[in-house]
Amino acid sequence: MVVASEGHDSPSDTGAPPPALVERERELALFGELVRRSAAGRSGLVVLEGPVGIGKTALLRALVAEARGLGLSVVHTEAAGGHRLPLSTAHALLSGLPGGVGPSVAHGLADRRPPTLLCCDNDAKDVSFGVLTQLHDVIRRAAARTPLLIAVDDAQEADPASLRLLAHTARRLAGLPVLLALVGRSGSDAPALAEITTLASCRVLRPRPLTGPGIGLLARRLTGAETDAAFQQACLAATHGNPLLATRLIRTLRAEDLPLTGAELSVVGEQDMQAFGARVVRLLHRQAPATVDAARAMAVLGDGSPHELCARLALVDAASFDRSLLVLGSLGLVNGDRVRGTWAFTHALVRRAVLEDLPDDERAAAHGRAARLLHDFGAGPADVADHLCRSAATATQPWATTVLREAAREAMLHASPSRAVTLLRPCVPDGAADDCDPGLLIELGTAEARVDPEAGVRHLTAALDRTTSADLRFEALSALADALTRQGRMDRAFELLDRYRSDPALLPSGARSTQLLEAQLLMAATVDRDAYTRLLDTVSFDLSLPDDTIQERALLAARAVISVSRMDRVAESVAVARRITGRGGPTANSPAFLTAAASVLLYADLPYEAQDVYHQLIDGADVLLDQAYPVLLALSAEAHERLGDLDGALRYTAEALRDTTVARAHAHEALPLAVRLHTLLDRGRLAEADDLCGRAPDPARSEAWQWNELLCARGRLRLAQEDAERALADLEECGRRQAAWQRTNPAVSSWWYWAGQAHLALGDRRAARTLAEQAVDGARSANLPLALGAGLELWAATAAADERAVLLEEAEDALDGTRAALLTARVKVARGRALHDLGYRKAAREVLRQGWEEAYTLGARPLHEVARRALLATGARPRRPVSRGPAALTRSEAQVARLAADGRSNAWIAETLFVTQRTVEVHLTSVYRKLGLSGRRELRDALESADVRDGGRRG
């Protein structure tokens, strides 16, 4: 293809010569043929047509060089640049004819012009046929001396009289050794030039855009560097294959010392690409004013905006806009689909260049008009608000303020307080807060409390002092107390609480409002350890309140989750949580406090109950789309992980982290990171866990409790990497920080279990036993079965063989009915190894096989491998387990399945097999999953077709 060299748009401003032609074999072959024909005495007519930057001028120069090389006389002019006087282009051509004929004749004609020509005012129809004939005779006589090339660049810019002469000559070329070559721009309005292209003898040549390999060749000739297909395609998409733009883009990248890669080009909008933008602007300003206005309107509105809307903003009619769109497409600035009515700028840099070409005041006014047009077209608040934020004058108009507030509310629902602040601040100009609607100040202050607490407190205080509405007063008070608590200004927060407690009539629901306010203070304090510690010493944790109202249930949930974390009245907290969750889902309870109630159940080692509540909230995610949503997903993932559903845990953590840049994760994202790390380690995906941990922020950087969990997960990872010393340092630091937060319940965090394992790896059994005994004592007193099972397992690891088997049997009994499949399998594997150490080989095989199969079913590869090695040590030869189909059923599952298929109730099966009903339910759930069934009704046919006996699989 031809490198950009389009008249005065040549990239010579870089100081580098234009590179050679690229991908022009077809065009150059045609030129060679035409020049040889003319040299042999035959005529030729060619019109080069295409958009600016496609390489027409460079091709014309190649044609001129070819003609001179074969001995043709060449007359060459560029019509642009003052060639608009009558016959000015013709005069430039005739003056260059060989033998001195041209100048004398041309000047003679100028001296003897008829009055009609002198007064033609550039109107071609007033040029007499006789004048055209005389001028053509000049060309004919010059051609009689030597073959001739007449080349006119930018012919569409020639004066109409000269264009008429060129058309007159084109029709009379037969028999003359003349090659007439004209260059015209696509979409130009020059009737004489269009007439020439319709002649049978005319060859119309339209240079094609660059291909990907052509861009690669261009880059090599410009820079000497090889480029890959990704860069070539990215450059092709950015420039639409326009050689002018491609040349400028490649040279600019090299001038900025940026690599010629697809990845670099995909983010090049962040770089300073002024030279590329200047090229776009120069191309644009060579077009008609209507095209410039259309491009600017499109840049303001953005890709894909409706044609009608763009036309109205550009103040042009629909037909003019469509023509402008075609021109912009031919320039390589936009990609358009006329059938679908869609368009888009070829690259973000192009749009930015067009926007920045607008003066600031005009750009702001254009965004204001765009906002009004979008509003009238029925666009959503968020789309209209984007333009209002760029037009300060428009943003303060009443209709605009309403739109911005609606968009800000959407942003808050979608966990983007910074976006809400950006939208609302134009509604409250500096110094105008005293004149603003208190409701607007409250909305702004509530959003600012998350991103600019000082400004939030200032605006909320102003609103609280001015509002006369009890509902608005409570809204302002609630947000202000939250902001003060997050700042650690507990004295001021409690001062406000006490003030309204003493005069509850100022709030909409009286004392109920102060209950909800206190609950909100409790939850807000969990983001600041100092505020949290001071709060615990100030407020009551009475759990005997009634739970008849939403406000009472909110306060009870906040008190209960803190109490259970501190291992204070765990049973009473569980009872409270069950009463609250039993009232219903988000329609009967505040979602945030329903999450707190579910967390009570999670921290009381009832993950299956907590999971049900979390799922209710996640299924109704539209009611809880705020910054706490990732925590909700992480808590649900943790419940799944504790139950052994590793797929579910990975799924929920992936959702929680979907839009997260791990290196910039904040406290709300630390918990899903921690749960994901634990789950990856359960899966045995050590490399993936190491990569995730390496990208995450240092958890020691913040005292927020969520980072404690990431510290624990990092310690476990280091333990898996056999770096026990560093693992222990992380885990003990986690334990210290958990104690500072008064999160002393062993079911809250597993740091103590992994710290014990680190002590064992370092040979310190005494320290490991101390941790185990503390956990077991706490778990027994608070009835925490999962923590008890894990504590007994850790204790057993420090004990002699005979004591170890007893402790692990007790652990397995404690876990019975908990549905904690992974922990249960881990305990079984440990008990099987203990039995083998005692010489009970057959019993050890049975227990180990159960743990081996369950670990495989759960996808816990590290545990499965431990169980496999232990089985081999007993002399067993375990065959590869299966996780689906009848062969995957354990002996117990097959036995329960057969009885259920015979129509027995769960209670009857439990009594017959001497197990709990919960165990029967767990077995049946596993059977349905392994056999791919939806319920009991399909069980009989599935078992009969598979011939599953009640003995199940044999060891």
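1. Burial and fold content. In this predicted model, 55% of the 955 residues of the protein chain count as buried. The protein chain contains 49 helices and seven strands. Among its contacts with a separation of 6 or more, 68% are between residues 24 or more positions apart.

2. Exposed surface. The area exposed by the protein chain is about 39,900 Å². Carbon and sulfur atoms supply 49% of that area.

3. Cysteines and disulfides. A disulfide is a covalent bond between the sulfur atoms of two cysteines. A search of the whole structure finds zero disulfides. Two cysteines may be noted individually. Cysteine 202 has a relative accessible area of 11% and is therefore buried, the cut-off being under 20%. Cysteine 310 is likewise buried, because its relative accessible area is 0%.

4. Serine 563. This residue belongs to helix H29, which covers residues 550-565. Is serine 563 buried or exposed? Serine 563 counts as buried because its relative accessibility is 0%. A polar atom of the serine 563 side chain lies 2.8 Å from the backbone oxygen of arginine 559. Leaving aside residues up to four places away in sequence, serine 563 touches Phe541, Leu543, Asp568, Arg569 and Ser573.

5. Internal cavities. Rolling a probe the size of a water molecule over the atoms shows where empty space is left. In this model, three cavities of 30 Å³ or more are counted. The volume of the largest cavity is about 490 Å³.

6. Lining of the largest cavity. The lining of the largest cavity consists of 25 residues. Which of these residues lie nearest the centre of the largest cavity? They are Glu641, Arg642, Ser750, Trp754 and Arg826. The elements that give two or more residues to this lining are helix H33 (629-643), helix H35 (667-683), helix H37 (705-720), helix H39 (751-761), helix H41 (785-797) and helix H43 (821-837). Which element gives the largest share of the lining? H35 does, with five residues.

7. Points to carry forward. For the chain as a whole, the values to retain are the 55% of residues that count as buried and the 68% share of contacts, among those with a separation of 6 or more, from residues 24 or more positions apart. For local inspection, two sites are set out above: serine 563 in helix H29, and the largest cavity, with its volume of about 490 Å³.

Terms used. Residues are numbered from 1 along each chain as its sequence is written. This is a predicted model: local features need pLDDT of at least 70, side-chain atom pairs count only at pLDDT 80 or more; totals for chains, interfaces and linings use all residues. Side-chain values use heavy atoms; hydrogens and water are left out. A disulfide is a pair of cysteine sulfur atoms within 2.5 Å. Buried means under 20% relative accessible area, exposed over 50%, partly exposed in between (1.4 Å probe, protein chains only). Helices (H or I, at least four residues) and strands (E, at least two) are DSSP runs, numbered from the N terminus. Contact means heavy atoms within 4.5 Å. Accessible areas come from the Shrake-Rupley method with a 1.4 Å probe; for residues, only the protein chains shown count as cover. A polar contact is a pair of N or O atoms within 3.5 Å; within protein, one must be able to donate a hydrogen and the other to accept it, and residues adjacent in sequence count only if both atoms are side-chain atoms. On a 1 Å grid over the protein atoms alone, a cavity is a set of points where a 1.4 Å probe fits but cannot get out, and a pocket is an open set with protein on both sides within 12 Å along at least five of seven lines; lining residues have an atom within 4 Å of a point. Grid points are joined across faces, edges and corners, and a volume is the space filled by probe spheres set on the points.
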